[in-house]
Amino acid sequence: VGEIMMKQRLFLTQFTGGPPLYSNRFGHPRMRARHLPHEITPSRAESWLRCMKEAFAETGLDQSLAGEAFYERLTQVAAIMINTEEDEEA
């Protein structure tokens with residue numbers, strides 16, 4: 001867990017506009033490539049965003065300008081991660 005938390009801290013520092021700590025240590029994050037094995041549909045991306053919005057509310061992050069900017073970045077990421085169309089039978 002310690003290593004995961006450390007990598008998450010480095011990534012989020014970089015993701016939110018700080019120095020490229022993650023890339024300097026581990027190379028480009030390759031987030032889209034890492035998620036390609038998983039079917040990410042538009043509805044799944046929306047579900048993830050709802051979970052993130054709930055987490056922001058639980059921590060009070062939704063009440064800050066920084067939280068708003070962070071959430072906007074996450075909406076961009078969610079759109080980029082979509083790699084599968086919705087199943088029309090669902």
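Let me start with Tyr22, which at 10% relative accessibility counts as buried, since the cut-off for that word is under 20%. I should say at once that what we have here is a predicted model, and everything I mention was computed from it. Tyr22 sits in helix α2, residues 21–26, together with Phe26, and the two are four residues apart, about one turn of the helix. Phe26, for its part, has 32% relative accessibility and therefore counts as partly exposed, so within this short helix we pass from a buried ring to one that is partly exposed.

How are the two rings placed with respect to each other? The ring centres of Tyr22 and Phe26 are 5.1 Å apart and the planes make an angle of 40°, which is why the pair is classed as tilted. A search of the whole structure finds six aromatic pairs, and another of them is formed by Phe11 and Phe15, which are stacked, with 5.6 Å from centre to centre and 20° between the planes. Phe11 and Phe15 are both in helix α1, again four residues apart, about one turn, and both of them are buried. As a reminder, an α-helix has 3.6 residues a turn, so residues three or four places apart point the same way. Taking the rings together, Phe11, Phe15, Tyr22, Phe26, Phe56, Phe70 and Tyr71 form one aromatic cluster.

Let me step back to the chain as a whole. There are five helices and zero strands, so that, read along the sequence, the pattern is α-α-α-α-α. The C-alpha atoms fill a box of roughly 45 × 35 × 25 Å along the principal axes, and of the 90 residues, 18% count as buried. Among contacts between residues at least 6 apart in sequence, 53% join residues that are at least 24 apart.

Now to α1, the helix of the stacked pair. At 1.5 Å a residue, its 14 residues should span 20 Å, and the end C-alpha atoms are indeed 20 Å apart, which agrees. The buried residues of α1 are Leu10, Phe11 and Phe15, and, seen down the helix axis, they fall within an arc of 135°, so they line one face. The face turned away from that buried side carries the exposed residues Gly2 and Met5. On the buried side, the packing is against α2, α3 and α5. Just after α1 comes Gly17, which takes a positive phi of about 100°.

Helix α4 can be described in the same order. It has 18 residues and reaches 26 Å from its first C-alpha to its last, close to the 26 Å expected at 1.5 Å a residue. Here Ala45, Leu49 and Phe56 are buried, and they fall within an arc of 40° as seen down the axis, so they too line one face of their helix. Glu54 and Glu58 are exposed on the other side of α4, while the buried residues pack against α5. The residue that follows α4 is Gly60, again with a positive phi, near 85°.

Where do these helices come together? In the largest nonpolar core, which has 13 residues, the members that touch the most others are Phe15, Leu49, Phe56, Phe70 and Leu74. The elements that give two or more residues to this core are α1, α4 and α5, and α5 provides the largest share, with five residues. Phe56 is a useful place to look in the viewer, for, leaving aside its neighbours within four places in sequence, it is in contact with Leu61, Asp62, Gly67, Phe70, Tyr71 and Leu74.

I will finish with a residue outside the helices, Thr41, which lies in the loop between α3, residues 31–35, and α4, residues 42–59. Is Thr41 buried or exposed? Its relative accessibility is 6%, so Thr41 counts as buried. The side chain of Thr41 makes a polar contact of 3.2 Å with the side chain of Ser43. Beyond its neighbours within four places in sequence, Thr41 is in contact with Ile82, Thr84, Glu85 and Glu86.

Methods. Residues are numbered from 1 along each chain as its sequence is written. This is a predicted model: local features need pLDDT of at least 70, side-chain atom pairs count only at pLDDT 80 or more; totals for chains, interfaces and linings use all residues. Side-chain values use heavy atoms; hydrogens and water are left out. Buried means under 20% relative accessible area, exposed over 50%, partly exposed in between (1.4 Å probe, protein chains only). A polar contact is a pair of N or O atoms within 3.5 Å; within protein, one must be able to donate a hydrogen and the other to accept it, and residues adjacent in sequence count only if both atoms are side-chain atoms. Contact means heavy atoms within 4.5 Å. A nonpolar core is a set of buried Ala, Val, Leu, Ile, Met, Phe, Trp, Tyr and Cys residues joined through side-chain atoms within 4.5 Å. The expected span of a helix is 1.5 Å times one less than its number of residues. The arc is that of the directions from the helix axis to the C-beta atoms. Rings of Phe, Tyr and Trp (its six-membered ring) pair if their centres lie within 6.5 Å; planes under 30 degrees apart count as stacked, over 60 as edge-to-face and the rest as tilted.
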